[in-house]
Amino acid sequence: MTFTAPLQKDAIKIMLLGSGELGKEVAIEAQRLGIEVIAVDKYENAPAHLVSNRSYTINMQDEAAVLEVIKKEHPTYILPEVEAISISALFEAEKRGFHVIPNAEAVNKTMNRKNIRVFAAETLGLKTSKYEFVTTLEGLKAAAERMGFPCVIKPVMSSSGHGQSIAKTPDDIEKSWEIAKEARGDASELIVEEFVPFDYEITLLTVRNETGTVFCKPIGHIQKDGDFILSWQPMPMSNAALEKAQDIAKAVTDGLGGRGIFGVEFFVKGEEVYFSELSPRPHDTGMVTLITQSQSEFALHVRAVLGLPLDFTFYGAGACGAYKAKNESCTPVLDIPDDAFTANSFVRVFGKPESHIGRRMAVSLVLDNDVEAAKTRATQIISQIDDH
Ligand SMILES: Nc1ncnc2c1ncn2[C@@H]1O[C@H](COP(=O)(O)OP(=O)(O)OP(=O)(O)O)[C@@H](O)[C@H]1O
Ligand SMILES: NCC(=O)N[C@@H]1O[C@H](COP(=O)([O-])[O-])[C@@H](O)[C@H]1O
Ligand SMILES: [Mg+2]
């Protein structure tokens, strides 16, 4: 393919709808190929805004506002980076000939748990936890009784665990109903899921375009309150379980179609593999590939979007720890010990303009021959970081 410089008349333009830490790395990879990057988010100075050619701050759930920036910028590719985006704007953009990654219908299916769950479990017949959808507190109480306790309650549209809770007894249901209102997206409908007592959970990064489908090695992770705190690669698992996960990931991503990377999430219990959900874009647990692969999940996403070959080398075992702010600040400062930066370890600071307690601000990345040693060191680095 041919590459032009950014800002020229016929430059290839990528528009990111969502400009957090994941979008920032996508923007950097696109910039490395001379692609013009336009970063959009709902707040100013978002991480990807800082490394893009132009940035916009708009209400991304407002159809007119999203269409306005699309019409103004005429991007070659539109890359959704968060769940909470006006889907009608994406359908309209696609109708007008814009290329949405992977495609508007895939974004529609995955941004809402109801759509993706019904598609995976009922259309594709994949194994998932049991589930029901509810819109009222009474409906939630009844569904939880049918499901049994503990059960997991989540808004249909949210991410990073916002609005999610586990009800251990019927007495917890009212609290779960209140927690669900903290959704980042849409809490007008909730999913009640059977709690799966899995042995471990993985993200299987699956990249596809016309050149084929490629899997990264499985990423193991630990989540706290629905948000990842540690991820590592590769997750040791049986060939049988890995093959099942790959078959499911291929079926789901083929079903969704389009170009790009997908973070397909699974729960594994013995040899049983449950499909949970997927992101039609880079995945937070996949930040570990910044140190383990010659082409990170972000580089692979850009390659997939451009229709380029998807080959890469796996360097070796690694781990990624999430640093979450301990303080609220409009001028956040991170204190990171110098010895976190070695030949085989480093920290990526996202540069978020504000910190809130629990907000992910940075990640530690460690490469080691031994995955357990990498996990220990990544965790240790996080424990030595502070903020004010
Ligand atoms: N049915 C379940 N049984 C057991 N654990 C669950 C279940 N559903 C979710 N979890 C736990 O909560 C975590 C977050 O859930 P889920 O991925 O559905 O939320 P999310 O808000 O979309 O997160 P993200 O956007 O970070 O992927 C899972 O990775 C898992 O650890
Ligand atoms: N699990 C999804 C995920 O990790 N998404 C990442 O977090 C950002 C929002 O962060 P913020 O809430 O700190 O603004 C998103 O923009 C995306 O990069
Ligand atoms: Mg998830």
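The following conversation goes through how some descriptions of this predicted model are reached.

Colleague: What makes helix α3 roughly antiparallel to helix α4?

Modeller: Helix α3 (residues 87-95) and helix α4 (residues 104-111) pack at an angle of about 165°, and angles over 145 degrees count as roughly antiparallel, so α3 is given that description relative to α4. Their axes are 9 Å apart, and α3 passes α4 in a left-handed crossing.

Colleague: Which residues make the contact between α3 and α4, and how do they divide by class?

Modeller: I87, L90, F91 and E94 in α3 meet A104, V107, N108 and M111 in α4. By class, this contact of α3 with α4 has six nonpolar residues, one polar and one charged.

Colleague: Why are α1 and α10 called oblique to each other?

Modeller: The axes of helix α1 (residues 21-32) and helix α10 (residues 297-306) cross at roughly 60°. Roughly parallel would need an angle under 35 degrees, roughly perpendicular one from 65 to 115, and roughly antiparallel one over 145, with the rest counted as oblique, and therefore α1 and α10 are oblique to each other. The two axes come within 8 Å, and the crossing of α1 and α10 is right-handed.

Colleague: Which residues of α1 and α10 meet there?

Modeller: From α1 the residues are E25, V26, E29 and A30, and they meet F298, A299, H301 and V302 in α10. This contact of α1 with α10 has five nonpolar, one polar and two charged residues.

Colleague: How do you know that ligand 1 lies between two domains?

Modeller: The domain assignment of the protein chain gives domain 1 (13-100), domain 2 (130-194) and domain 3 (200-387). Domain 2 and domain 3 both give residues to the shell around ligand 1, so ligand 1 lies between them. The C-alpha centres of domain 2 and domain 3 lie 27 Å apart.

Colleague: What surrounds ligand 1?

Modeller: There are 20 residues around ligand 1, and the closest are S159, E193, V196, Q223 and G226. The elements that give two or more residues to this shell are β7 (151-157), β9 (186-194) and β15 (272-279). By class, the shell around ligand 1 divides into three nonpolar, nine polar and eight charged residues.

Colleague: Why is ligand 2 placed between domain 1 and domain 3?

Modeller: Both domain 1 (13-100) and domain 3 (200-387) give residues to the shell around ligand 2, so ligand 2 lies between them. Of its 13 surrounding residues, G20, L22, S159, S160 and D284 come nearest. Helix α1 (residues 21-32) gives the largest share of this shell, three residues, and by class the shell around ligand 2 has two nonpolar, five polar and six charged residues.

Colleague: Where are the cis peptide bonds that involve P102 and P150, and what are their omega values?

Modeller: One cis peptide bond joins I101 and P102, with omega about -10°, and P102 is placed in the loop between β5 (99-100) and α4. The peptide bond from F149 to P150 is also cis, with omega near -5°, and P150 lies in the loop between α6 (137-147) and β7.

Colleague: What makes the phi of L7 worth a remark?

Modeller: Most residues other than glycine have a negative phi. L7 is not a glycine, yet its phi is positive, at about 75°; L7 is found in the segment before β1 (13-17).

Note on methods:
Residues numbered from 1 in each chain as written. Chains lettered and ligands numbered in written order. Predicted model: local features only at pLDDT ≥ 70, side-chain atom pairs only at ≥ 80, totals over all residues. Near = placed C-beta within 6 Å. Helix = DSSP H or I, 4+ residues; strand = E, 2+ residues; numbered from the N terminus. Nonpolar A, V, L, I, M, F, W, Y, C, P; charged D, E, K, R; others polar. Domains from an automatic or database assignment. Axes fitted to C-alpha atoms, helices over the stretch in contact; angles between N-to-C directions. Left-handed = near helix turned anticlockwise from the far one by under 90°. Contact = placed C-beta atoms within 7 Å.
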